[in-house]
Amino acid sequence: MNLPFEETRKLGEATRAIHCGEGVDSETKAIRRPIVLGNSFELNSSSETLAESFDWNDPDAFNYPRSRHPNARYLEERLAGMEGGEDCVVSSSGVAAISGAFFTLLSAGDHMISSRICYIGIHGFLVDHFAKRFGVELTLVDSTNPEAVRAAIRPNTKLIHIETPANPTTLVSDIAAISAIAKSIGAIFTVDSTFSGLVTQNPIALGADLVMHSLTKYVNGHGDSLGGCVTGRKDLISQIRLTASVHLGATISPFTAWLLMRSAATLPLRMKQHCENAMAIARYLESHPKVKLVRYPGLESHPQHAIAKKQMTGFGGMMNVILKCAKPDYFTFLKNLRLITHAVCLGHTESLVQYYPQEGDNPDIGVLNYPEDIGEGFLRLSVGLEDAKDLIADLAQTLEKLP
Ligand SMILES: *Cc1c(COP(=O)(O)O)cnc(C)c1O
């Protein structure tokens, strides 16, 4: 693509996903980016000063791949273009990207507000390390209620973080309303948008300073790599790049960045099918006599369906399901599935389901319990790209075997 970055903003989402960060290799004329494995780059010897030839933080000047390497940079250009952010930094995992951002932006004595339901690895990082060991004041709130966010503000509130839709409960928070609250106090506003699959919501347009994704999920989409990104304000991304990559070392490998770049090109197309399949399955399950509850942002019965409709262009592929059967029969349900696999992770081509345990299943589950939000024991279904009729048939035959 030979368009200036600003002009790429006017392109449609599919065009941006395919062309941003792509280009002809100047040495071989290959129309795909090569994988660059060199772990050192020749420095500019003609610079007036050594410092000019060695800028750790210039995203387009390579010196040592922990700070930046070509494949990471191509992927960052693609993701920044897709998300509509000024710049992007990619990391070795979603947790590395998000914790790297928080390490960069928060210091001891600062106060942070976060969604109470957020990804378990981030929840653990915030509670067990930031709050308990590093002196960052932390308030976890029900961010589905913007007034709860406002009520948690302190004079030293530096950052507000929400996850929407939330993992695993699919609860939706109002991005524009919470952005207005953050702006009113000059706090940085960050959104973990992983569950949206990137293309179904645009937190930056709704006022987020930074958007985070686990690229492991929908962006990768094929269940075969790990990565994370933070996209948004250039001034903040530059700081995060230095801290997360240079100082904390959470750099993505060139091969993984190349794989994610390849996957990202088909994300808009894949998300359409995830959304369509999930809606068909949510409606099927909601009408099934052996199912107690289906929670999917696209269903009118979802507690924040109105907000989801306002801020999302599709409702993604994630849902919660509670069955009417007793606990042991959840395992009958899982054991008899033939296409859908019982496994962690989400956003893959194939459908996955995960059982979230109840009190008594395992003494260590701790925060894995979400009783306040959804009741004890539920399934999190990640609807894949198979034919919806085959997924429905699989669910039907296992539900048939329940009492
Ligand atoms: C999976 C996930 C993460 C963590 O990403 P990893 O790539 O597993 O480190 C963060 N946030 C959300 C919402 C997730 O689903």
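**Figure 1. Glu76, a buried residue in helix 3.** Glu76 has 0% relative accessibility and so counts as buried. Here buried means under 20% relative accessible area, exposed means over 50%, and partly exposed is in between (1.4 Å probe, protein chains only). The model is predicted: local features need pLDDT of at least 70, side-chain atom pairs count only at pLDDT 80 or more, and totals for chains, interfaces and linings use all residues. Residues are numbered from 1 along each chain as its sequence is written, and side-chain values use heavy atoms, with hydrogens and water left out. Helix 3 covers residues 70-83. Helices (H or I, at least four residues) and strands (E, at least two) are DSSP runs, numbered from the N terminus. The Glu76 side chain reaches the backbone nitrogen of Val90 at 3.0 Å. This is a polar contact: a pair of N or O atoms within 3.5 Å. Within protein, one atom must be able to donate a hydrogen and the other to accept it, and residues adjacent in sequence count only if both atoms are side-chain atoms.

**Figure 2. The ligand and its polar contacts.** Start with Asp192: one of its polar side-chain atoms lies 2.7 Å from a ligand nitrogen. Ser214 places a polar side-chain atom 2.8 Å from a ligand oxygen. Val95 takes part through its backbone, where a polar atom is 2.9 Å from an oxygen of the ligand. Taken alone, the ligand exposes 380 Å², and the protein buries 94% of that. Accessible areas come from the Shrake-Rupley method with a 1.4 Å probe; for residues, only the protein chains shown count as cover.

**Figure 3. The shell around the ligand.** There are 13 residues around the ligand, and Gly94, Asp192, Ser214, Thr216 and Lys217 come nearest. A residue is near a molecule if one of its heavy atoms lies within 4 Å of it. Helix 4 (residues 94-105) gives the largest share of the shell, three residues. By class, the shell has three nonpolar, seven polar and three charged residues. Ala, Val, Leu, Ile, Met, Phe, Trp, Tyr, Cys and Pro count as nonpolar; Asp, Glu, Lys and Arg count as charged; the others, Gly among them, count as polar.

**Figure 4. Two cis peptide bonds.** One cis bond joins Thr164 and Pro165, with omega about -15 degrees. Another joins Asn167 and Pro168, with omega about 10 degrees. Pro165 lies in the loop between strand 4 (157-163) and helix 7 (175-184). Pro168 is also placed in the loop between strand 4 and helix 7. Most residues other than glycine have a negative phi, and most peptide bonds are trans.

**Figure 5. Positive phi at Thr170 and Cys345.** Thr170 is not a glycine, yet its phi is near 60 degrees. Its place is in the loop between strand 4 and helix 7. Thr170 is buried, with a relative accessible area of 1%. Cys345, also not a glycine, has a positive phi of about 80 degrees. Cys345 sits in the loop between strand 10 (341-342) and strand 11 (352-356). With a relative accessible area of 19%, Cys345 is buried.

**Figure 6. Val36 in its loop.** Val36 is found between helix 2 (13-19) and helix 3. At 24% relative accessibility, Val36 counts as partly exposed. Val36 and Ser173 are 137 residues apart along the chain, and their C-alpha atoms are separated by 40 Å.
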